[in-house]
Amino acid sequence: MKTKSRASARTAGKPSIETGAQIIVDTLIEQGVDTMFGYIGGVVIPLFDRLYDAPINFIVPRHEQGGCHMADAYARASGKVGVVLATSGPGACNLVTGLATAMMDSVPMVALTGQVRTELIGNDAFQEADTTGITRPVTKYNCIVKDVKDLARTIREAFHIASTGRPGPVLIDLPVDVEVAKFNTDGPAEMKLPGYRIRTKGHARQISTAAKAINKSKQPVLYVGGGVITANAGKELSAFAEKAHLPVTMTLLGLGSYDQRKAESLDMLGMHGSAYANYAVQQCDLLIAVGARFDDRVTGKIETFAPNAKVIHIDVDPASISKNVGVDIPVVGDAKVILKALAREVEYQERKKWFDKIAEWKKKFPFRYDQNSSTIKPQYVVEELCRQTKNEAIVTTGVGQNQMWAAQFYRFFKPRQFISSGGLGTMGFGLPAAIGAQIAKPNETVIDIDGDHGFNMTMTELSTAIEHKLPIKICILNNGYMGMVRQWQELFYGRRYSKSYLKNPEYEALAKALGAVGMTVDKKADVPKAVKQMLKEKQPCVVDFRVEPEENVWPMVPAGKSLDEMSGLDILERLI
Amino acid sequence: MKHIISALVENKSGVLAHVAGMFAARAFNIDSLVVGRTEDPALSRMTIVVIGDDRVLEQVRKQLAKVVPVVKVQDFVGQPVVARDLMLIAISAPPEKRSEILSLIEMFRGKVVDIGQKFVMVEVSGPEDKIEAFINVCKPYGIKSLARTGTIAMPRHSRADMRPAQTSNDQADA
Ligand SMILES: Cc1ncc(C[n+]2csc(CCOP(=O)(O)OP(=O)(O)O)c2C)c(N)n1
Ligand SMILES: [Mg+2]
């Protein structure tokens with residue numbers, strides 16, 4: 001990649017001497033950045049000075065963690081690279097949770113952090129932290145730029161690494177003296193990454209072997225992870241699944257890759273997945289994994305996972321293959337490219353017996369809750385949200401029961417519609433994620449389905465949403481508890497609810513005090529009209545749904561059990 | 001099982017931290033790790049001895065290849081290789097034991113690099129088990145201190161045994 005700086009294009013002939021800060025801003029713009037998130041501090045003032053009149057929509061969170069989640073969700077919603085900027089020391093440290101969240105879910109991000117002057121590094125200088133040391137395990141790659149001549153190249157490399165292969169966050173640490181140093185930017189600054197190679201195409205013979213196995217299979221299951229969404233391969237996935245006639249189950253992060261309103265959708269699998277998905281996986285003769293990584297929340301007891309299945313694994317990350325589960329037919333490459341190639345080679349198979357069996361499971365064990373209860377069931381709220389938004393909203397979540405109910409009862413149909421912290425399970429993700437998603441998609445309805453305690457963790461970002469007049473909807477499924485923890489304590493610790501209950505604020509009053517719309521809903525009959533009102537609001541709106549305090553998420557595969565050893569099926573059956 | 005993995009890495013700051021950090025984070029078991037320059041100033045070679053079964057080793061190889069500044073990963077499984085360790089060892093050597101010790105050193109083709117009133121410092125190189133064997137024979141005399149480099153290795157390009165005939169202690173490798 002050869003890129004002349006904008007300045008040099010303007011003043012042909014004269015050498016273009018620029019400061020590091022200006023080079024950073026120019027290179028960001030060259031990389032297509034028009035939105036970023038960040039918080040100022042001593043060592044990044046030179047950079048913020050250059051951002052002052054740059055054509056970049058700059059969002060300031062109230063806490064760097066929030067900014068990092070915003071950039072993450074911005075990336076998840078838009079498919080672009082999310083960019084976050086923080087000062088040295090405390091600012092950089094506050095990014096850690098957000099970076100780890102993005103790393104676990106393979107989200108393309110670039111984080112820039114200020115650093116103390118090069119000659120002070122290692123001296124315990126004011127606001128010094130070993131940022132590259134602290135963030136190394138939670139980034140795909142990180143480095144410090146100690147010489148202004150390396151700046152443009154390093155930033156280009158960061159965007160390339162963040163957005164290709166299996167994406168992830170890349171952090172660049174920027175000492176303040178590099179920001180102010182001057183450099184003639186006329187020379188080339190091409191990427192130099194001899195150790196970074198990605199396989200996209202997929203081995204043709206492996207693809208044919210996979211296609212043959214699929215054509216032969218009587219009881220296949222297609223198991224789809226977030227990688228399909230990352231690879232923008234939703235269309236290719238559906239085309240392939242339909243051509244071969246395959247039932248499709250998705251991981252939490254895979255939701256949205258396949259239309260859940262279709263009969264072939266088995267919805268989510270795993271610990272709180274559907275009984276029909278879990279049974280189908282356990283009984284399939286061929287498991288076709290695409291962009292998924294056999295996480296323990298998905299497989300249950302690994303030794304007995306899909307015991308009769310041959311496994312095809314399509315993934316861009318060779319290290320994902322055979323990491324947890326032995327793979328028979330690995331195909332390394334880009335999901336979009338491979339699914340297209342596979343679709344050409346597969347044939348439609350009726351598989352009537354298999355689909356009949358699946359239909360029977362679907363009929364017998366759908367996700368269910370007590371519709372006749374007098375209290376507000378959290379699942380009812382999610383269902384009502386899905387109904388009134390006609391399945392079209394972008395949904396972000398907290399972590400815990402709220403997240404599982406959102407995954408179970410909102411039916412998604414398009415990629416980038418469901419934004420949730422899957423791998424790390426970061427409470428507090430929901431609200432900043434809604435902000436990032438709304439900024440990426442200003443014309444869509446963005447709903448944060450959150451837990452009371454998750455909301456408590458990052459609720460300060462409500463101010464950010466208000467400042468930017470973002471019409472995000474925050475639906476707190478307020479059960480008073482750290483519900484998911486309480487559920488485990490109920491089931492496995494004799495109902496000793498140790499520290500899983502805290503006093504919550506009055507969310508309605510809180511929202512109003514900050515300048516948002518606030519509502520409280522404590523009657524079941526009021527749910528539909530509250531949702532309707534909420535959807536009309538043009539500013540941030542917080543709705544406190546006082547839901548059944550001790551509702552549980554079913555089914556549940558207890559830790560260490562096989563996928564088909566689900567608890568709660570009896571409870572679900574009694575609800576018919 | 002011990003395996004030798006060799007990685008060519010970019011010669012720039014932070015690379016060792018990236019590699020060592022990955023090993024620690026993934027709970028891989030390192031026996032030794034050696035870094036040194038190569039004929040190409042832009043590249044260094046890391047030789048890593050890893051403990052684990054085939055499955056662990058496959059993950060090690062893949063995870064290592066994923067580290068951005070790692071340019072190339074080689075695993076010498078099933079190949080004849082030359083593997084060497086270098087050791088400096090100070091053995092207590094009172095005058096009455098010296099000739100005995102010196103003949104041991106001779107047997108192991110060691111080199112005396114320093115000598116004091118009460119000790120000799122010896123340089124020994126060779127495959128790991130030769131080094132271990134030498135340490136064992138030195139133990140009864142008393143080892144004052146010891147430093148080892150860890151294993152470096154290269155695949156043999158020919159099957160031919162290029163070692164001079166007298167290096168009988170070298171036989172254990174390959
Ligand atoms: C930052 C963070 N701390 C702790 C946890 C552990 N944890 C998982 S779920 C949960 C309870 C969440 O409570 P709430 O947000 O009210 O959601 P609910 O399960 O009640 O829907 C906790 C504490 C976590 N996932 N993230
Ligand atoms: Mg709760």
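**Exercise 1. Find what joins K2(B) and E128(B), and say which parts of chain B they link.**

Step 1. In this predicted model, the side chains of K2(B) and E128(B) meet in a salt bridge, with 2 atoms, N to O, at 3.1 Å. The cut-off for such a pair is 4 Å.

Step 2. Place the partners. K2(B) sits in strand β1 (residues 2-10) of chain B, and E128(B) in helix α4 (residues 128-138) of chain B. They are 126 residues apart, so the pair links distant parts of the chain.

Step 3. Check accessibility. Partly exposed runs between 20% and 50%. K2(B) has a relative accessible area of 42%, so this residue is partly exposed. E128(B) is partly exposed too, at 25%.

Step 4. Widen the view. Salt bridges that share partners join K2(B), D31(B), D85(B), E128(B), E132(B) and R148(B) into one network.

**Exercise 2. Describe the interface of chain A and chain B.**

Step 1. Count the residues. Chain A gives 21 residues to the contact and chain B gives 16.

Step 2. Take the area. About 1,400 Å² is buried between the two chains. Carbon and sulfur atoms give 51% of this.

Step 3. Look for charge pairs. The rule finds one salt bridge across the interface. Its partners are K66(B) and D317(A), at 2.7 Å from N to O.

Step 4. Sort the side of chain A that touches chain B. Its residues divide into nine nonpolar, five polar and seven charged.

Step 5. Add the polar contacts. Seven residue pairs make them across this interface.

**Exercise 3. Decide how compact chain A is.**

Step 1. List the elements. Chain A has 25 helices and 20 strands.

Step 2. Compare the radius of gyration with the globule rule. The value is 25 Å, close to the 25 Å that the rule gives for 576 residues, so chain A is as compact as a globular protein of that length.

Step 3. Add the extent. The C-alpha trace spans about 75 × 60 × 40 Å along its principal axes.

Step 4. Add burial. Buried residues make up 60% of chain A.

**Exercise 4. Explain why the pair K80(A) and D34(A) ties together separate parts of chain A.**

Step 1. Find the bridge. The closest N and O atoms of K80(A) and D34(A) are 3.7 Å apart, in a salt bridge.

Step 2. Locate both ends. K80(A) lies in the loop between α4 (64-78) and β4 (82-86), and D34(A) in the loop between α2 (20-30) and β2 (35-38), so the pair ties together parts 46 residues apart in sequence.

Step 3. Check exposure. K80(A) is partly exposed at 36% relative accessibility. D34(A) is also partly exposed, at 36%.

Technical notes. Residues are numbered from 1 along each chain as its sequence is written. Chains are lettered from A and ligands numbered from 1 in the order in which they are written. This is a predicted model: local features need pLDDT of at least 70, side-chain atom pairs count only at pLDDT 80 or more; totals for chains, interfaces and linings use all residues. Side-chain values use heavy atoms; hydrogens and water are left out. Contact means heavy atoms within 4.5 Å. Buried area is the accessible area (1.4 Å probe) that two parts lose on being put together, summed over both. A polar contact is a pair of N or O atoms within 3.5 Å; within protein, one must be able to donate a hydrogen and the other to accept it, and residues adjacent in sequence count only if both atoms are side-chain atoms. Ala, Val, Leu, Ile, Met, Phe, Trp, Tyr, Cys and Pro count as nonpolar, Asp, Glu, Lys and Arg as charged, and the others, Gly among them, as polar. Helices (H or I, at least four residues) and strands (E, at least two) are DSSP runs, numbered from the N terminus. The radius of gyration is taken over C-alpha atoms; the globule rule is 2.2 Å times the number of residues to the power 0.38. Buried means under 20% relative accessible area, exposed over 50%, partly exposed in between (1.4 Å probe, protein chains only).
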